[in-house]
Amino acid sequence: MLPAPDDRLDPSPVIAHQVVVIGGGNAGLSVAGRLRRGGVRDVVVIEPSDEHRYQPMFSHIAGGTATAADAVRAQAQVMPRGVGSIRDEVVSVNPGARTVALASGGTVGYQQLIVCPGIHRRWDAVPGLAEAIRTPAVASNYELELAVKAAPLLSQLRSGTVVFTQPPGPASCAGASQKPMYLACDAWRRAGVLDAVRVVLVLPDPTMFGIPAIDRELERKVAEYGIEVRCSSELRGVDAAARTVDIGPVSGPGRDAAAGPIERLEYDVLHVVPPQSAPGWIAESGLAAADDPGAFVEVDPRTLQHVRHPEIWSLGDAAGTRNSKSGGALRPQATALARNVIDALRGARPTAEYDGYSVCPFTVSRGTLVFAEFDEAMRQKPTIPFWPGLARERRSTWVVDRHVLPRVYWRLILQGRA
């Protein structure tokens, strides 16, 4: 049985809130809103930014089907009603004292702690990438400013070579790496210049996605656009001055980093997504498993409770779960986690479980989408049971992804109401 909420609190005069949430993104606000609606009176979110950004829109921005204004709201505007906020950055957690240290020098205590600060993009993990991303020909859909930069680079191109990369290892909605590529190819086709543009996709996996039904849809679009795919490959280095990239077989544990040939490609535009891991302070605070190279919060993948510190929880990109990291996974995660935290505050054992659901909507043209729903074992898990029809290219799912879901996100999801 979990300890009573007031047990083992640090005896110092640090104010201890009932629930402290680290991170004011989709995960943090949606779970905070659910807790408040569930009757928890004292919920505080720690978030350093005064802007809230809807990341699924970044792909549309890079692909020219949305603007930056569509993805940004003031953080204060989207904060769930009744939830407190601290505008600061977390630098460490002390599980024994149940305290969180802030960049400003302050300390916040907690009875229950929810860790969801998002994921760290490691631009320095690939030789030359940190320098290249600052040059005019290199962009990404994983940062808002870089997505804005990508839009004219892709839309104004009329000939040349464009390289798109997807990183190996855990990443936030890894399939989103492909979305601007399809949007750009459709735009080039409509402009009559697609045949003059060489498109290369660097993919860490042996197939386009890993689920046969989804692979078939994406392979059909790849053939339709004439995209060259380098499967089981990764970006090894970038020379911004020469505008070249080195591509090689995926390296990592159990693999020889030097094995296999290195292909060098010249590029006119490089659209890159960097390797990713949890923020460094998670491992430094002892919240990650010692053998986890990504240093994600070590939680039970079902209850989302920390395996060694029962008063700590995690969801979203920073959580060490088995599912593919995506915004679509957050709704069932937030539902289960909020119920379990409420039970823990009452001294009860957590029983709600996250079922491993995740989703990746592939915008395969400027008006159609392939909706991939699946579990942690990469088995199809359709929202409508026994009907996997949403996995086929459709106009209706594109409308939902581009126009309906953003409204639901701003008005309902962040308030813990959907």
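This is a short tour of a predicted model, stop by stop, with something to select at each one.

**Stop 1: a small set of strands**

Start by selecting residues 233-239, which form strand β14. Then add β15, residues 244-249, and β16, residues 263-266. Together they make an open sheet of 3 strands, in the order β14-β15-β16, with antiparallel pairing. β14 and β16 are the edge strands, each pairing on one side only. If you look along the sheet, the twist from one strand to the next averages 30°.

What holds strands in a sheet together? They pair through backbone hydrogen bonds, either parallel or antiparallel. Here, β14 and β15 run antiparallel and are joined by 6 bridges. To see one of the matched positions, pick G237 and look across to β15, where its bridge partner is D246.

**Stop 2: helix α10**

Next, select residues 395-411, which is helix α10. There are two things to look at here.

Begin with V400, V404 and L405, and show their surface: they make a nonpolar patch of about 190 Å². V404 belongs to α10, and its relative accessible area is 40%, so this residue is partly exposed.

Now click on R402, also in helix α10. Which residue does R402 meet in a salt bridge? The partner is D70, with 3.4 Å from N to O. D70 sits in the loop between α2 (57-63) and β4 (72-74), and the two residues are 332 apart along the chain, so you will be scrolling a long way in the sequence to find both. R402 is buried, at 12% relative accessible area, whereas D70 counts as partly exposed at 27%.**Stop 3: two helices and a network**

Move on to helix α6 (residues 179-191) and helix α7 (residues 212-225). Pick R189 in α6 and E224 in α7. Their side chains meet in a salt bridge, with 2.6 Å from N to O. These residues are 35 apart along the chain, and the pair links distant parts of it. Are they buried or exposed, or something in between? E224 counts as partly exposed at 36% relative accessibility, and R189 is partly exposed too, at 34%.

**Stop 4: the loop between α8 and β19**

Now go to the loop that runs between α8 (280-284) and β19 (312-314). Select E298 and R308 to find another salt bridge, 2.9 Å from N to O. Both residues lie in this loop, so the pair ties together parts that are 10 residues apart in sequence. E298 is partly exposed, with a relative accessible area of 24%, and R308 is partly exposed at 41%.

Before leaving the salt bridges, try selecting D186, R189, R190, E217, R220, K221, E224 and E393 together: salt bridges that share partners join them into one network. How many salt bridges are found in the whole structure? A search turns up 22.

Back in the loop, pick Q305. Is Q305 buried or exposed? With a relative accessible area of 12%, Q305 is buried. Show its side chain and you can follow it to the backbone oxygen of P310, at 2.8 Å.

**Stop 5: two backbone angles to check**

Select R98, in the loop between β6 (90-94) and β7 (99-102). What is notable about phi here? For R98 the angle is near 55°, a positive value in a residue other than glycine. R98 counts as buried, at 1% relative accessibility.

Then jump to M378, in the loop between β21 (369-374) and α10. Phi of M378 is near 60°, again a positive value in a residue that is not glycine. At 29% relative accessibility, M378 counts as partly exposed.

**Stop 6: a buried leucine**

Finish with L129, found in helix α4 (residues 129-132). L129 has a relative accessible area of 0%, so this residue is buried. For a last exercise, draw a distance from its C-alpha atom to the C-alpha atom of P152: the two are separated by 21 Å and lie 23 residues apart along the chain.

Methods
Residues numbered from 1 in each chain as written. Predicted model: local features only at pLDDT ≥ 70, side-chain atom pairs only at ≥ 80, totals over all residues. Heavy atoms only, no water. Pairing = 2+ DSSP bridges. Helix = DSSP H or I, 4+ residues; strand = E, 2+ residues; numbered from the N terminus. Axes fitted to C-alpha atoms, helices over the stretch in contact; angles between N-to-C directions. Patch = residues over 30% accessible without salt bridge, like charges linked within 9 Å, V, L, I, M, F, W, Y side chains within 5 Å. Areas by Shrake-Rupley, 256 points an atom, 1.4 Å probe, with all protein chains shown as cover. Salt bridge = Lys/Arg side-chain N within 4 Å of Asp/Glu carboxyl O. Buried < 20%, exposed > 50% of the residue type's maximum accessible area, 1.4 Å probe, protein only. Polar contact = N/O pair within 3.5 Å; in protein donor to acceptor, adjacent residues only side chain to side chain.
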